[in-house]
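Thank you all for making time this morning. I would like to walk you through one structure slowly, moving from a few aromatic side chains to the sheet and then to the helices around it.

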Amino acid sequence: MAMARIRLDVNKSVFSWAIARAGYTESDAVKSYPKFVQWKNGEIYATPKQLKDFSNKFHFPFGYFFLKELPVQADTIPFFRSFEESTAMEDFNIRELIKLLQERQEWVADYIKTNGVEPNEAVGLFKNENNPQIIKNGILKFLKLNDGWQFVFNKTEQAIKHIVSILEENNIFVTFNSVVNFDAHRPIPVKLCRGFCLVNNYAPFIFVNSGDSKKAQLFTLIHELAHIFISFSSGFGDFETDKINNAKERLCDKIAAEFLVPEDIFLDYVRTKTTEELSALFKVSEIVILRRKLDLGLISKDSFFRQYNQLPKIVKKLSGGGDFYLSAPNKISGKFLRCLNNAMMERKLTPMEAYHLAGVKGDTFARLTAGVLS
């Protein structure tokens, strides 16, 4: 006697919610799941295995299928390439960090909008473009840079600082941190979250995990900037690039690689310099250099993995603390601090509201704003 097929009664609205949240369309879902429309409409039941596969593909916990109402929480952006994607989405510290930046974003977007600022032209400028070369050229033009811009800097940190200054001049807010606000007991693990972006027409935000290496931070910064230009909020962690199953995420990787390691310039140097020398020149990790060689057909996949496995493991040294007043503006965003201070001076924001949004006390706020305004 054949066993009865298990049928799970699920919240069918999860199907549409999941694909929209991950940046897909219904036609995209049908390519992977031909019976998607029937599942969504309740005409047929998906098997437990199919439901589990669907939740993995679209990056949400399997248990969401059995909720009566879809969760309204801060992490309404998908996370890709995380060590464990569902863990990243459920991590309380990551959710709280996103919630914190969303609160700041909501306030500053309203503030600059009421001051007559037009929508940010970077947001969605290439929403319907899939060619990474075209998008890269457009980003360079927006930033008023040329290929090889980073060669003038001796250190990656200098290149990062230069890009951030341009972005914040253009109302793209950037924060570097490895904890929630200033709480060392609430870390943001690199393996779960290297960075993310929150798209907004007036005040897009980029978060970069400062617990990562400087070269990785630069790549994350440009990767998330690409997300703003294609208008797709998301985050990513530390995992194999080949396991990315989202076209937009792969596109942003290609844009960042071409932005930082332009093909024509790379080919001029690749025959005469070692991987280590190329890494220093382009201000990217040796992994990115090897990946460029692989993507451009200069090495085989076997050679890539052999060289990759021989790379020294980078262990970021824990900071001894340093000068709080030098590092704090980067953790909040210097541009954001200036906006808070201006609003307070204009009596559009009370001091207590400004301190709350900055996440610091009054005397600390005064010293921080004095530093970014000097």
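Let me begin with a question for you to consider while you look at the picture: is Trp107 buried or exposed? Trp107 is buried, since its relative accessible area is 15%, and the cut-off for calling a residue buried is under 20%. Please keep in mind throughout that what you see is a predicted model.

Before I say more about that tryptophan, let me give you the overall picture. The protein chain contains 18 helices and seven strands, and of its 374 residues, 48% count as buried. If we take the contacts in the chain with a separation of 6 or more, then 70% of them are between residues 24 or more positions apart.

Now to the aromatic rings. A search of the whole structure turns up 29 aromatic pairs. One of them is the stacked pair of Trp107 and Tyr111, whose centres are 5.1 Å apart and whose planes make an angle of 10 degrees. Both residues belong to helix H6, which covers residues 92-114, and because they are four residues apart there, about one helical turn separates them. Tyr111, like its partner, counts as buried, with a relative accessibility of 7%.

A second pair, Trp149 with Phe259, is tilted, with 5.9 Å from centre to centre and 55 degrees between the planes. Here Trp149 sits in the loop between helix H7 (132-143) and helix H8 (156-169), while Phe259 sits in helix H10 (residues 247-260), so this pair ties together parts that lie 110 residues apart in sequence. Trp149 is buried at 7% relative accessibility, and Phe259 is buried as well, with a relative accessible area of 0%.

Rings can also be linked into a group, and in this model ring pairs connect Phe15, Tyr33, Phe36, Trp39, Phe54, Phe62, Phe65 and Phe66 into a cluster. In two other places we find a charged side chain over the face of a ring: Lys248 lies over Phe232, at 5.0 Å from the ring centre, and Arg367 lies over Tyr325, at 3.8 Å from the ring centre.

Let us turn next to the sheet. How many strands does the open sheet with the order S1-S7-S5-S6-S2 have? It has five strands, and their pairing is mixed. Strand S1 (79-80) and S2 stand at the edges with a single partner strand each, so one side of each has no neighbour in the sheet. H6, the helix of our stacked pair, packs on this sheet and touches S1, S2, strand S5 (195-198) and S6, with a direction at about 35 degrees to that of S5. Helix H9, residues 214-230, lies across S2, S5, S6 and strand S7 (234-236), and runs at about 155 degrees to S6.

Strand S6 deserves a closer look. On one side it pairs with S2: the two run parallel and are joined by five bridges, with Phe173 opposite Phe205 and Phe176 partnered by Val208. S6 also pairs with S5, through four bridges and in an antiparallel manner, and here Phe196 has Phe207 as its bridge partner. A hairpin of six residues joins S5 to S6. Both faces of S6 are covered, with Phe205, Phe207 and Asn209 buried on one side and Ile206 and Val208 buried on the other.

Staying with the sheet, I would like to point out Asn177, which is in strand S2, residues 173-177. Asn177 counts as buried, at 4% relative accessibility. Its side chain reaches the backbone oxygen of Asn181 at 2.6 Å, and a polar atom of that side chain lies 3.3 Å from the backbone nitrogen of Val179. Beyond its neighbours within four places in sequence, Asn177 is in contact with Phe207, Val208, Asn209, Ser210 and Lys331.

I will finish with helix H13, residues 286-295, whose buried residues are Val288, Ile289, Leu290, Arg292, Lys293 and Leu294. What do the buried residues of H13 pack against? They pack against H9, H10, helix H11 (263-269), helix H12 (275-282) and helix H14 (301-310). Just after H13 comes Gly297, which takes a positive phi of about 75 degrees.

Definitions and conventions
Residues are numbered from 1 along each chain as its sequence is written. This is a predicted model: local features need pLDDT of at least 70, side-chain atom pairs count only at pLDDT 80 or more; totals for chains, interfaces and linings use all residues. Side-chain values use heavy atoms; hydrogens and water are left out. Rings of Phe, Tyr and Trp (its six-membered ring) pair if their centres lie within 6.5 Å; planes under 30 degrees apart count as stacked, over 60 as edge-to-face and the rest as tilted. Buried means under 20% relative accessible area, exposed over 50%, partly exposed in between (1.4 Å probe, protein chains only). A charge sits over a ring if NZ of Lys or CZ of Arg is within 6 Å of the ring centre and within 35 degrees of the ring normal. A polar contact is a pair of N or O atoms within 3.5 Å; within protein, one must be able to donate a hydrogen and the other to accept it, and residues adjacent in sequence count only if both atoms are side-chain atoms. Contact means heavy atoms within 4.5 Å. Two strands pair if DSSP finds at least two bridges between them. Axes are lines fitted to C-alpha atoms, for helices over the stretch in contact, and angles run from 0 to 180 degrees between N-to-C directions.
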